[in-house]
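Thank you for making time this morning. I would like to walk you through a structure that may be new to you, so please take a moment to look at it before I begin.

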Amino acid sequence: MKAVLNETTLLQGLARDDRKAIETIYRQHFGMVQALVVNNSGSADDAKDIFQEALLVLYEKVKNGQFELHCQLKTYLYSVSRRLWLKRLMQQNRFITGEAHGEMVPVEEELESHEQRDQDFQLMEKALGGLGEPCRSLLEAFYLQKKGMQEIAAAFGYTNADNAKNQKYKCLVRLKKLFFSQYKNDV
């Protein structure tokens with residue numbers, strides 16, 4: 001209910017040319033459109049153009065006063081952006097992967113998988129937060145900072161790379177337990 005009120009407020013702000021509402025829409029939804037375009041033969045500049053066009057479509061409909069949103073705002077923007085991008089690719093004789101062969105993935109399914117991935121990442125972030133030190137730092141050093149075991153052993157005070165590797169494994173097992181216990185509770 002809160003999200004619906006927030007989206008209604010954003011749409012009202014958009015109709016009034018409220019800069020804060022426009023910036024919020026950009027901040028919340030541009031990344032999704034950018035991923036769509038970049039992952040399907042486009043560039044970051046193409047994504048900006050497509051998002052701008054989609055926002056213009058939304059703006060004109062909201063300004064008209066007859067617009068009713070029957071889905072989430074991100075679903076609407078994604079759908080419009082996807083259609084605009086497909087149209088542009090067709091004009092340039094390029095195609096989105098898989099769609100050149102008639103394999104159309106419904107927007108709802110694609111968006112649901114995107115939302116599920118976001119939820120999984122949030123659960124993983126929460127599990128990492130509950131992991132504690134030094135495990136969190138060790139896993140971040142290996143997976144995010146791409147440090148080698150020798151470097152990690154020196155930084156964390158382990159006697160050799162094999163001991164660091166064993167500790168990383170133990171930390172990973174703890175992280176998996178935390179993640180899946182939260183995952184079961186969330187589902």
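Let me start with a pair of charged residues: D46 is buried, and R88 is buried as well. I should say straight away that this is a predicted model, so please hear everything that follows as a description of that prediction. D46 and R88 form a salt bridge, in which the closest N and O atoms are 3.9 Å apart. The pair ties together distant parts of the chain, since D46 belongs to helix α3 and R88 to helix α4, with their positions 42 residues apart in sequence.

Which residues are joined with D46 and R88 into one network? The others are D49 and E53, and the four are linked through salt bridges that share partners.

In total the structure holds six salt bridges, and I will mention two others. One of them connects K63 and D17, with 3.8 Å between the closest N and O atoms. This pair also links distant parts of the chain, as K63 is in helix α3 while D17 is in the loop between α1 and α2, 46 residues apart. Here both partners are partly exposed, K63 having a relative accessible area of 43% and D17 one of 44%. The other is formed by E133 and R136, whose closest N and O atoms are 3.0 Å apart; E133 is partly exposed at 46% relative accessibility, and R136 counts as partly exposed at 26%.

Let me turn now to the nonpolar interior. The largest nonpolar core has 25 residues, and those with the most contacts inside it are I25, F51, L58, L73 and L77. The elements that each give two or more residues to this core are α1, which covers residues 2–15, together with α2, α3, which covers 44–64, and α4. Of these, α4 gives the most, with eight residues. Another core lies apart from this one; it has nine residues, among them A127, L128, C171 and F179.

To see the surroundings of one core residue, consider F51, which, leaving aside its neighbours within four places in sequence, is in contact with I25, Y26, H29, F30, V33 and L77.

Several of those names bring us to helix α2, which runs over residues 19–38. This helix has 20 residues and reaches 27 Å from its first C-alpha to its last, close to the 28 Å expected at 1.5 Å a residue. Where is the kink in α2 centred? It is centred on H29, and the kink is about 45°. H29 is also one of the buried residues of α2, which include I25, F30 and V33 too.

Finally, I would like to look at S81, which is found in helix α4, residues 73–91. Is S81 buried or exposed? It is buried, because its relative accessible area is 0%, and the cut-off for buried is under 20%. The side chain of S81 reaches the backbone oxygen of L77 at 2.7 Å. Not counting residues up to four places away in sequence, S81 touches V33, L36, I50 and A54. V33 and L36 are themselves among the buried residues of α2, and V33 is also in contact with F51.

That is where I will stop, and I am happy to go back to any of these residues with the model on the screen.

Definitions and conventions:
Residues numbered from 1 in each chain as written. Predicted model: local features only at pLDDT ≥ 70, side-chain atom pairs only at ≥ 80, totals over all residues. Heavy atoms only, no water. Helix = DSSP H or I, 4+ residues; strand = E, 2+ residues; numbered from the N terminus. Expected span 1.5 Å × (residues − 1). Bend = angle between axes of the 7 residues up to and from the residue. Buried < 20%, exposed > 50% of the residue type's maximum accessible area, 1.4 Å probe, protein only. Polar contact = N/O pair within 3.5 Å; in protein donor to acceptor, adjacent residues only side chain to side chain. Contact = heavy atoms within 4.5 Å. Core = buried A, V, L, I, M, F, W, Y, C linked by side-chain atoms within 4.5 Å. Salt bridge = Lys/Arg side-chain N within 4 Å of Asp/Glu carboxyl O.
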